[in-house]
Amino acid sequence: MDALRAEKWLLIGAISTQDRCLSMLRHSAHSFTLGHAAFLEIVDEQSKFRVQSDARRKANRLLWQADVASYSHELLEFELLDPVRRLQKQVGQWATGEHKKSVILDVTCLPERFFFPMIRWLVDSVDVENLIVTCMSPERYTEEDLAYDPDDWAHIQTFGPASEGPEKPVKRVVVGAGFLPFSLPDWLKKDYNESSIQVSVLFPFPAAPANIKRSWEFVRQIELGLKLTDERQLARVGANDVSGCFDRIDCITRNGSIGTVFAPYGPKAHSIAMCLQAIKMNAQVFYTQPTFYHPEYTTGIKLEDGVPAGFAYAVRVNKRMLY
């Protein structure tokens, strides 16, 4: 859109072990004008991968420093399990700073416990007139487990019980099907195995064949404890379709009128839709946060005509919320 190309953008992203963490930054030469680059470097807990992870992050940090040398930029380090208070203060400063008007939040390498509250804070800011959320594509995912040693089932920060007013009784649980359910099936069976509660699984389809196979195994693990007796409980939505996923959740929750909790284990597009719905519905979001990730979670950068490939989702344009 020409109106958006005329803006200077604040790009918020993350340096990680993945090559694609720099894809959106490099897109600035083709699709948008970069005003300021604000990146987080998020460090996992100690693990068997620590040396390899540190080396890959350092290599990407050096590439990032070269890419942003001629731009206004900043880099902040966070521990993976840090409380979000410091992050909230930082996002607040960005949302009232020089480049507050137009923001691109690149969630490619941001864990859910970071980007869920970040989307909330940016949506809540009256100073942010344009908000686009992006996720860039890799060449491949590792065939090994993507993440390890998850924490217990708990709220994503800022998406806990409502602080005001009575809570709706939970009648729907919406789960994003991903690669690893961790202990999710046990928690679902323990907390949401009543006949009055319907569990719906958002299944990413169409998607890459290798990814579909892993997602089906995810669904099988849930089926072992909770019988999905109604075919409508398995909702097929394109792996990169935020608006389609958002609309499907509207159907499942009767436009947000039914008490619902979310469990975002699926692709980033589905998680973005869940986040926007949870904000709209004032709903709770649960997750079992891994304490460390595989250093080659993904490798390579998918290219189209020599340009990093990915997806951009307009959330707010010219002060108008689209969700």
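## Close-up views of a predicted model

**View A. Strand β18 supplies the largest share of the lining of the second largest pocket, namely five residues.** Please keep in mind, as you look through these views, that the model is predicted. The pocket shown here, the second largest, has a volume of about 340 Å³. How many residues line it? There are 17 of them, and M24, S31, F32, I132 and A312 are the ones that lie nearest the centre of the pocket. Two or more lining residues are given by each of α1 (2-5), α2 (23-27), β5 (130-136) and β18 (310-317). Sorted by class, the lining of this pocket holds 12 nonpolar, four polar and one charged residues.

**View B. The rings of F78 and F114 meet edge-to-face.** Let us turn to aromatic rings. A pair of such rings is described by how far apart the centres are and by the angle of the planes. The count for this model comes to 15 aromatic pairs. In the pair of F78 and F114, the centres are 6.0 Å apart, with 85 degrees between the planes. Over 60 degrees counts as edge-to-face, so this pair, at 85 degrees, gets that label. Where do the two partners lie? F78 lies in strand β3 (residues 72-79) and F114 in helix α5 (residues 112-124), so the pair ties together parts that are 36 residues apart in sequence. Are these two residues buried or exposed? F78 has a relative accessibility of 2% and counts as buried, because the cut-off for buried is under 20%. F114 has a relative accessible area of 3% and is buried too.

**View C. The rings of Y148 and F292 are stacked.** Here the centres lie 5.2 Å apart, and there are 10 degrees between the planes. Planes under 30 degrees apart count as stacked, so the 10 degrees of this pair explain its name. Y148 sits in strand β7 (residues 147-150) and F292 in strand β14 (residues 290-293), so this pair ties together parts that are 144 residues apart in sequence. Y148 and F292 are both buried. You can also look for a cluster in which ring pairs link Y141, F179, Y293 and Y297.

**View D. The charged ends of R86 and R120 each sit over a ring.** Which ring does the charged end of R86 sit over? The ring belongs to F78, and the charged end is 4.0 Å from its centre. You have met F78 already, as the partner of F114 in an aromatic pair. For R120, the ring beneath the charged end is that of F159, with 4.1 Å to its centre.

**View E. F205 and P206 are joined by a cis peptide bond.** Omega of this bond is about 5 degrees. P206 has its place in the loop between β10 (198-204) and α7. Another loop comes after α7 (209-225): the one between α7 and β11 (234-237), where you will find D230. With a relative accessible area of 26%, D230 is partly exposed. D230 and Q198 are 32 residues apart in sequence, and their C-alpha atoms are 9.6 Å apart in space.

**View F. T158 and K319 have positive phi values, although neither is a glycine.** Phi is near 80 degrees for T158, and near 75 degrees for K319. In which loop is T158 found? Its place is between β8 (154-155) and β9 (172-176), and a relative accessibility of 34% makes T158 partly exposed. K319 belongs to the loop between β18 and β19 (320-321). At 61% relative accessibility, K319 counts as exposed, because the cut-off for exposed is over 50%.

**View G. P83 is an exposed residue in a loop.** The loop runs between β3 and α4 (85-94). P83 has a relative accessibility of 57%. Although P83 and R113 are 30 residues apart along the chain, 9.6 Å separates their C-alpha atoms.

**View H. The chain as a whole has nine helices and 19 strands.** This last view steps back from the close-ups. The C-alpha trace spans about 60 × 45 × 40 Å along its principal axes. Does the radius of gyration agree or disagree with that of a compact globule? A compact globule of 323 residues would have a radius of gyration near 20 Å, and the 19 Å of this chain agrees with that. Of the 323 residues in the chain, 55% are buried.

Methods. Residues numbered from 1 in each chain as written. Predicted model: local features only at pLDDT ≥ 70, side-chain atom pairs only at ≥ 80, totals over all residues. Heavy atoms only, no water. 1 Å grid on protein atoms, 1.4 Å probe; cavity = no way out; pocket = protein on both sides within 12 Å on 5 of 7 lines; lining within 4 Å. Points joined across faces, edges and corners; volume = space filled by probe spheres on them. Helix = DSSP H or I, 4+ residues; strand = E, 2+ residues; numbered from the N terminus. Nonpolar A, V, L, I, M, F, W, Y, C, P; charged D, E, K, R; others polar. Phe/Tyr/Trp six-rings, centres within 6.5 Å; stacked < 30°, edge-to-face > 60°. Buried < 20%, exposed > 50% of the residue type's maximum accessible area, 1.4 Å probe, protein only. Lys NZ or Arg CZ within 6 Å of the ring centre and 35° of its normal. Rg over C-alpha atoms; globule rule 2.2 N^0.38 Å.
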